[in-house]
Amino acid sequence: MGTVSVQTEFANPKLVIIGGGPGGYEAALVAASLGAEVTVIEEQGMGGSAVLTDVVPSKTLIASADTMNRFADAKDLGVHVGDGQDASEELNNLRVDLDTVNVRLLRLAATQSRDIKRGLERVGVRVVQGRGRLADQHTVVVSPSDDDAEYELHADVVLLAVGSHPREMDTAKPDGERIFNWKQIYQLTEIPEKLIVVGSGVTGAEFASAYNGLGSEVTLISSRDQVLPGSDTDAAQVLENVFERRGLRVLSRSRADSVENTGDGVRVTLSDGRKVRGSHCLLAVGSIPNTADMGLEEAGVAMDERGHIKVDSVSRTSVPGIYAAGDCTGVLPLASVAAMQGRIAVAHILGDTVHPLHTGEVASNIFTSPEIASVGISQSDVEADPTMFTGMTMKLSTNPRAKMMAVDDGFVKIFARRGSGTVMGGVVVGPRASELIFPIALAVTHRLGVDDLSDTFAVYPSLSGTIAEAARRLHVHR
C-alpha cells in the first residue's frame with residue numbers, strides 16, 4: 001500500500017472525514033489538536049449510527065432491563081416490594097413504561113450527538129450536514145442535507161468512516177409496525193407481548209436478553225447449535241442456562257426463511273416448514289457496509305467481496321492519502337475499534353507516534369445479562385496448542401462478594417503462556433464484566449505476567465478478587 005507524508009508537504013493539511021461516527025469524530029478531535037484543517041461530513045448527526053441508533057440507545061435500553069432483573073433477584077437478598085411476600089405478586093406489580101424508556105434513550109442519544117458537535121466546533125472542526133462521496137483521490141463531493149446545490153471540497157487526505165446498516169432479508173422486510181430491524185425497534189410504545197428475535201449473534205442476544213428482562217415472552221431463533229457463535233462456548237452455555245431459567249426460549253439449529261405481518265401479529269416460517277407465531281419480530285441478521293455509491297471503485301479503493309474497505313494496521317487503504325476506519329472496514333464491529341482506527345490514521349497522517357492496531361489486544365463485551373467480556377486469545381486457541389498455553393477458570397459462585405450479591409452465574413478465565421506466565425487473554429462472565437475485563441486487557445496489552453496480577457492488591461471482598469485468585473493459581477514455581 002502507498003504512503004503519504006502530509007506533515008512534510010503541507011503546513012496545515014486539509015483533512016476531510018466522511019462520516020461522523022466514533023471513527024470520524026475521534027479522528028477529527030485529534031487531527032484538529034495537532035494543527036490540521038478538518039472538515040467532517042455527516043448525514044444523520046454527529047456520533048453517527050453508534051450514538052443515534054445503535055450503541056447508545058441499545059445500552060440505555062439494556063440498563064432499564066438490568067434494573068428489572070435486579071428487582072427479580074431482590075427476594076434472594078431479603079428485599080420485597082410492597083406488602084406481599086409472594087415473589088410472583090411482587091413482580092407483577094413491576095412494569096416498564098416502554099414509551100418513557102424509549103423517549104429517555106433517544107433523548108440521551110440526541111444530547112450526546114449535540115455534545116460531540118459542540119466539542120468538535122470548539123476545537124475548530126468544520127461540521128457539514130450532508131452526504132460525502134469521492135470524486136477522485138483528493139476531491140470530495142458534498143450533497144447537503146438542506147437540498148442546496150452540491151459542491152466540491154479539496155482534501156490533502158481523506159478518511160472514510162461511513163459505518164454500516166442492518167442487513168435485510170428479501171422475505172422479511174422490516175415495516176416499523178410489527179417487523180423491525182435494530183434501528184427501528186425504539187418506535188415501540190409498549191412492551192411486545194411475544195417477541196421473536198431472528199439471529200443469535202451479539203445484537204440478537206443482547207436484545208433478546210433485554211426484552212426478556214423488560215417482561216416480553218421472547219423466542220430467539222438461532223441457526224447454530226449455540227447462541228453467540230464465535231464466542232467462548234462456556235460463556236454461551238452460561239447465558240443459555242440463564243435464558244432457560246428466565247423463560248427465554250431458544251430455537252437452535254433453526255433458520256428463518258420468511259417473516260410475515262399477519263395484522264395482529266407475526267408469523268415466522270423456518271426452513272424446515274415450522275411456523276413460529278408472536279406479536280412482533282426483531283431482525284438481527286448482520287450488517288452491510290455503507291460503501292455503495294461512494295465513488296470508491298472510481299478512486300481505486302480496494303474492497304473485499306462483501307464491500308468492506310481493505311485497510312492495513314495503520315488504517316491505510318490501497319490509495320495513498322485515503323484512509324478508512326470503523327465498521328466499513330470489517331475489522332471488528334466495535335465503536336472502540338473504530339475510534340482507535342481513526343486516531344491511528346491521524347497519527348500516521350500527521351507524523352505523530354503511531355501504534356498500529358493489534359486486534360488481539362481489543363477488549364470486547366456482550367451486554368446480555370450476565371455480561372460476557374473477552375480479550376486476547378480464546379479457549380479454542382489454548383485447546384489447539386496446550387503445550388504453548390494454559391488456562392484457569394474460577395466460578396463467581398465461589399467469590400464472597402458474589403455470594404453477598406446473590407450472584408450465582410458467571411466465571412473468570414485467564415489464559416497464560418506456559419513457562420513465562422505471560423497473560424495472553426481472558427474471559428469474564430458476570431455483572432459488569434465490561435468493567436472487570438480491564439485489568440486482564442491491561443495485562444495482555446503490556447505483556448504482564450500472572451504474578452503481576454496476583455501480586456497486585458485486590459479489594460476484599462470484590463468480584464475482581466477472583467481475577468487475582470485465578471492468576472495466583474497459574475503461578476509457576478521457579
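Me: What makes a residue pair across the interface of domain 1 and domain 2 count as a polar contact, and how many does the rule find?

Reply: Good place to start! In this predicted model, 1 residue pair across that interface is in polar contact, with both residues at pLDDT 80 or more. The pair counts because it has N or O atoms within 3.5 Å, one able to donate a hydrogen and the other to accept it.

Me: Which elements supply the side of domain 1 that touches domain 2?

Reply: Helix H6 (98–122) and strand S7 (164–166) each supply at least two residues of that side. S7 gives the largest share, 3 residues.

Me: How do you know how many residues of that side are charged?

Reply: Asp, Glu, Lys and Arg count as charged. The side of domain 1 that touches domain 2 divides into 3 nonpolar, 3 polar and no charged residues.

Me: How many salt bridges does the rule find across the interface of domain 1 and domain 2?

Reply: The rule finds 0 salt bridges there. A salt bridge needs a side-chain nitrogen of Lys or Arg within 4 Å of a carboxyl oxygen of Asp or Glu, so no such pair was found across this interface.

Me: What makes domain 1 and domain 2 count as being in contact?

Reply: Happily, that one is simple: contact requires heavy atoms within 4.5 Å, and 6 residues of domain 1 are in contact with 4 residues of domain 2. The C-alpha centres of the two domains lie 33 Å apart.

Me: What area do domain 1 and domain 2 bury between them?

Reply: They bury about 390 Å², 80% of it on carbon and sulfur atoms. In domain 1, Leu105, Leu106 and Pro166 lose the most area to domain 2, together 79% of what that side buries.

Definitions and conventions
Residues are numbered from 1 along each chain as its sequence is written. This is a predicted model: local features need pLDDT of at least 70, side-chain atom pairs count only at pLDDT 80 or more; totals for chains, interfaces and linings use all residues. Side-chain values use heavy atoms; hydrogens and water are left out. Domain bounds come from an automatic or database domain assignment. Buried area is the accessible area (1.4 Å probe) that two parts lose on being put together, summed over both. A polar contact is a pair of N or O atoms within 3.5 Å; within protein, one must be able to donate a hydrogen and the other to accept it, and residues adjacent in sequence count only if both atoms are side-chain atoms. Helices (H or I, at least four residues) and strands (E, at least two) are DSSP runs, numbered from the N terminus.
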